[in-house]
Amino acid sequence: MLLASLGLFVAGCGTPHGSSIVRPRTQWPGAIARPRQDRTATVEPAPRRSNPAATPPRPASDGLAAIPRSRWASTGPVDGRVNPLNGVARITVHHEGWTSFFHTDENTTADRIEQIRQVHVRDRGWGDIGYHYIIDRAGRAWQCRSLRYQGAHVANNNENNLGVMLLGNFDKQTPSSAQIDCLVATLRSLMATHRVPTHRVYTHQELSPSACPGRNLQPRVVSLRQGGHLA
């Protein structure tokens with residue numbers, strides 16, 4: 001199993017709707033960087049997942065072949081904490097921004113995504129995981145927040161903004177070739193479906209002060225745009 005709790009530092013590039021998050025001081029015991037569990041918090045149970053072979057990627061409502069949300073999520077969004085997306089006019093690319101992540105198997109990846117969702121909902125007070133899609137190290141796209149709702153990935157810039165995140169910390173590691181290939185395919189599909197032009201594909205730091213998506217992914221996204229690879 002993955003770490004039991006990712007604490008308040010998971011998916012560090014995500015930002016709420018314009019408000020700052022006050023994080024409690026965290027103690028890090030031993031050699032394993034594992035946040036102290038908040039005993040007063042209710043931790044959502046991990047989902048029961050079927051055999052990976054039984055849940056192959058399938059086209060999402062926007063035509064993108066992605067692993068369905070039911071493969072990893074233990075519950076849906078929190079009513080009253082989500083706002084309508086009101087259509088897609090731009091796309092923003094992120095990295096996870098927590099510890100380096102190299103796993104490629106579906107079960108470990110599903111655990112990571114579900115724990116990110118739990119931190120976003122339980123500790124940050126958001127209505128759901130902040131991103132609409134996540135791309136894993138093996139080059140698979142995962143459905144996350146429904147496209148009916150705004151994400152929580154760029155402060156004050158979430159309306160009409162579709163969020164795509166790549167698992168890993170790209171200040172500390174580099175994206176895999178499979179991730180980049182999947183990112184290109186995912187962006188092309190989403191751009192075609194929602195009629196988003198290349199110049200409206202951004203990275204987090206291009207819209208809001210942030211190091212996201214990391215020094216090893218930022219230039220790759222710029223190169224994809226400038227080289228015509230998304231057209």
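Guide: Welcome! Here, helices (H or I, at least four residues) and strands (E, at least two) are DSSP runs, numbered from the N terminus. The model is predicted, so local features need pLDDT of at least 70 and side-chain atom pairs count only at pLDDT 80 or more, while totals for chains, interfaces and linings use all residues. Residues are numbered from 1 along each chain as its sequence is written, and side-chain values use heavy atoms, leaving out hydrogens and water.

Visitor: How many helices and strands are there in the chain?

Guide: Let's walk along the sequence, where the pattern reads β-β-β-α-β-β-β-α-β-α-α. The tally is four helices and seven strands.

Visitor: What percentage of the 231 residues count as buried?

Guide: Buried means under 20% relative accessible area, exposed over 50%, and partly exposed in between (1.4 Å probe, protein chains only). By that rule, the buried part of the 231 residues is 52%.

Visitor: Among contacts between residues at least 6 apart in sequence, what percentage join residues at least 24 apart?

Guide: A contact here means heavy atoms within 4.5 Å. Of the contacts in the chain between residues at least 6 apart, the part joining residues at least 24 apart is 75%.

Visitor: What is the phi of G228, after helix 4?

Guide: Helix 4 spans 218–226, and G228 follows this helix. The phi of G228 is positive, near 75°.

Visitor: Which elements do the buried residues of helix 4 pack against?

Guide: Those buried residues are Q218, V221, V222 and L224. Seen down the helix axis, they fall within an arc of 160° (taken from the directions from the axis to the C-beta atoms), so they line one face of the helix. Their packing partners are strand 3, helix 2 (177–194), strand 7 (201–203) and helix 3.

Visitor: Which element gives the largest share of the largest nonpolar core?

Guide: A nonpolar core is a set of buried Ala, Val, Leu, Ile, Met, Phe, Trp, Tyr and Cys residues joined through side-chain atoms within 4.5 Å. The largest has 26 residues, and I91, V164, L183 and L187 have the most contacts inside it. Strand 3, strand 4 (133–135), strand 6, helix 2 and helix 4 each supply at least two residues of this core. The largest share, seven residues, comes from helix 2.

Visitor: Which residues does V164 touch, not counting those up to four places away in sequence?

Guide: V164 is among the residues with the most contacts inside the largest core. With residues up to four places away set aside, V164 touches I91, T92, V93, H94, Y133, I135, L183 and L190.

Visitor: How many residues are in the other core that lies apart from it?

Guide: That other core includes C13, A73, Y131 and W142. Its size is 16 residues.

Visitor: Where does N156 lie?

Guide: N156 has a positive phi of about 65° although it is not a glycine. N156 is also exposed, with a relative accessible area of 65%. Its place is the loop between strand 5 (141–143) and strand 6 (161–166).

Visitor: What is the omega of the peptide bond from C212 to P213?

Guide: P213 lies in the loop between helix 3 (204–207) and helix 4, and C212 counts as buried at 2% relative accessibility. The bond joining them is cis, with omega near 15°.

Visitor: How many disulfides are there?

Guide: A disulfide is a pair of cysteine sulfur atoms within 2.5 Å. C144, for one, is buried, with a relative accessible area of 3%. By the sulfur rule the count of disulfides is zero.
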